[in-house]
Amino acid sequence: MSEFDDPTLTDTPDTGQEGFGHAGDGGHEPGYHQPGYEQPTHEPPYGHDQPHEEPPHYGDPDSIVQHNVDGSTDVVVDLNGDGYADVVQHDTDSDGHADTTYVDSNHDGRLDTILKDYDDDGDLDAAFADTNADGRVDYAAADLNDDNKVDHVTLDTDYDGKADTWIADVDYDGKPDVAFVDTNHDGTPDVAVTDSNHDGTPEQQPVNPYAAS
């Protein structure tokens with residue numbers, strides 16, 4: 001799944017519904033309410049509550065494949081041989097396409113990124129990441145039209161557990177067209193930036209005059 005051309009959204013791994021809603025309640029990860037969405041948990045399987053502090057030891061890559069009685073398959077992969085899982089995949093129907101993948105993106109011993117394939121077609125539909133290792137998702141992105149491009153992004157830029165920035169590619173051309181920002185962190189967007197002619201450059205920035213500074 002490719003990223004937006006916006007440099008602020010690159011180099012970060014990545015569900016959603018049309019339009020933007022409120023930021024949500026404190027303590028809940030920013031995300032979406034689309035059918036099939038499962039809120040990421042703070043303690044994914046095979047993860048570790050805290051990053052390991054001892055010097056890592058490196059060996060040969062290792063993997064474990066487990067076929068479960070319910071017909072699902074789990075694959076655990078240690079890419080650098082340090083004894084900690086770097087990738088964990090869960091394939092609900094054992095068709096070779098992982099429905100959920102957990103990733104330790106920075107190799108600190110903690111699974112911090114969740115990748116979802118909701119329609120089981122082998123393509124990534126959504127991603128959630130904890131970029132500051134506080135145990136809460138602060139980056140969520142989705143491909144809503146299955147074109148392998150990010151269409152919606154939700155961010156918690158101040159890491160308070162509530163979404164404050166929403167970005168959308170409404171015409172699915174690979175470039176963001178609309179962005180809403182909650183600048184005063186009251187849970188309601190008060191700044192909107194739009195690219196009305198879809199040339200990649202925002203033309204207007206209406207601000208809610210009633211929003212507190």
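The legends below describe close-up views of a predicted model.

**View 1. The whole chain is built from strands, without helices.**
The protein chain holds 11 strands and 0 helices. Along the sequence, the pattern reads β-β-β-β-β-β-β-β-β-β-β. The chain has 213 residues, and 42% of them count as buried. Its accessible surface is about 11100 Å². Carbon and sulfur atoms account for 51% of that surface.

**View 2. The largest nonpolar core brings together 11 residues.**
Its members are V76, A85, V88, Y102, L111, I114, A126, F128, V137, A140 and A142. Two elements, β6 (126-129) and β7 (139-142), give two or more residues each to this core. Another core, of 8 residues, lies apart from it. Y139, V150, L155 and I167 are among the residues of that other core.

**View 3. A85 is a core residue placed in a loop.**
The loop that carries A85 runs between β2 (73-78) and β3 (87-91). Is A85 buried or exposed? A85 counts as buried because its relative accessibility is 10%, below the 20% cut-off. L111 belongs to the largest nonpolar core as well. A85 and L111 are 26 residues apart in sequence. Their C-alpha atoms are 7.9 Å apart in space.

**View 4. K116 is a buried lysine in strand β5.**
Strand β5 covers residues 113-116, and K116 is part of it. The relative accessible area of K116 is 6%, so this residue is buried. How far apart are the C-alpha atoms of K116 and A142? The separation is 9.2 Å. Along the chain, K116 and A142 are 26 residues apart. A142 is one of the residues of the largest nonpolar core.

**View 5. R136 and D134 form a salt bridge.**
Side chains of opposite charge can pair when their charged atoms come close. How many salt bridges does a search of the whole structure find? The search finds 1. In the pair R136 and D134, the closest N and O atoms are 3.7 Å apart. That distance is within the 4 Å limit for a salt bridge. R136 has a relative accessible area of 25%, so R136 is partly exposed. D134 is also partly exposed, because its relative accessibility is 32%.

**View 6. Aspartates form a negative surface patch.**
The patch consists of D119, D121, D123 and D146. D146 sits in the loop between β7 and β8 (152-155). D146 counts as partly exposed because its relative accessibility is 43%. That value is over the 30% that a patch residue needs.

**View 7. H107 has a positive phi without being a glycine.**
Most residues other than glycine have a negative phi. For H107, phi is near 55 degrees. H107 lies in the loop between β4 (100-103) and β5. With a relative accessibility of 39%, H107 counts as partly exposed. Which distance separates H107 from D78, C-alpha to C-alpha? The two are 9.8 Å apart in space. In sequence, H107 and D78 are 29 residues apart.

**View 8. Y172 and N145 sit in loops and are 8.0 Å apart, C-alpha to C-alpha.**
Y172 is not a glycine, yet its phi is positive, at about 55 degrees. Where is Y172 found? Y172 is in the loop between β9 (165-168) and β10 (178-181). Its relative accessibility is 29%, so Y172 counts as partly exposed. N145 belongs to the loop between β7 and β8. D146, of the negative patch, is placed in the loop between β7 and β8 as well. N145 is partly exposed because its relative accessible area is 30%. In sequence, N145 and Y172 are 27 residues apart.

Terms used
Residues numbered from 1 in each chain as written. Predicted model: local features only at pLDDT ≥ 70, side-chain atom pairs only at ≥ 80, totals over all residues. Heavy atoms only, no water. Core = buried A, V, L, I, M, F, W, Y, C linked by side-chain atoms within 4.5 Å. Buried < 20%, exposed > 50% of the residue type's maximum accessible area, 1.4 Å probe, protein only. Helix = DSSP H or I, 4+ residues; strand = E, 2+ residues; numbered from the N terminus. Patch = residues over 30% accessible without salt bridge, like charges linked within 9 Å, V, L, I, M, F, W, Y side chains within 5 Å. Areas by Shrake-Rupley, 256 points an atom, 1.4 Å probe, with all protein chains shown as cover. Salt bridge = Lys/Arg side-chain N within 4 Å of Asp/Glu carboxyl O. Lys, Arg positive; Asp, Glu negative; His and termini not counted. Charge placed at Lys NZ, Arg CZ, Asp CG, Glu CD.
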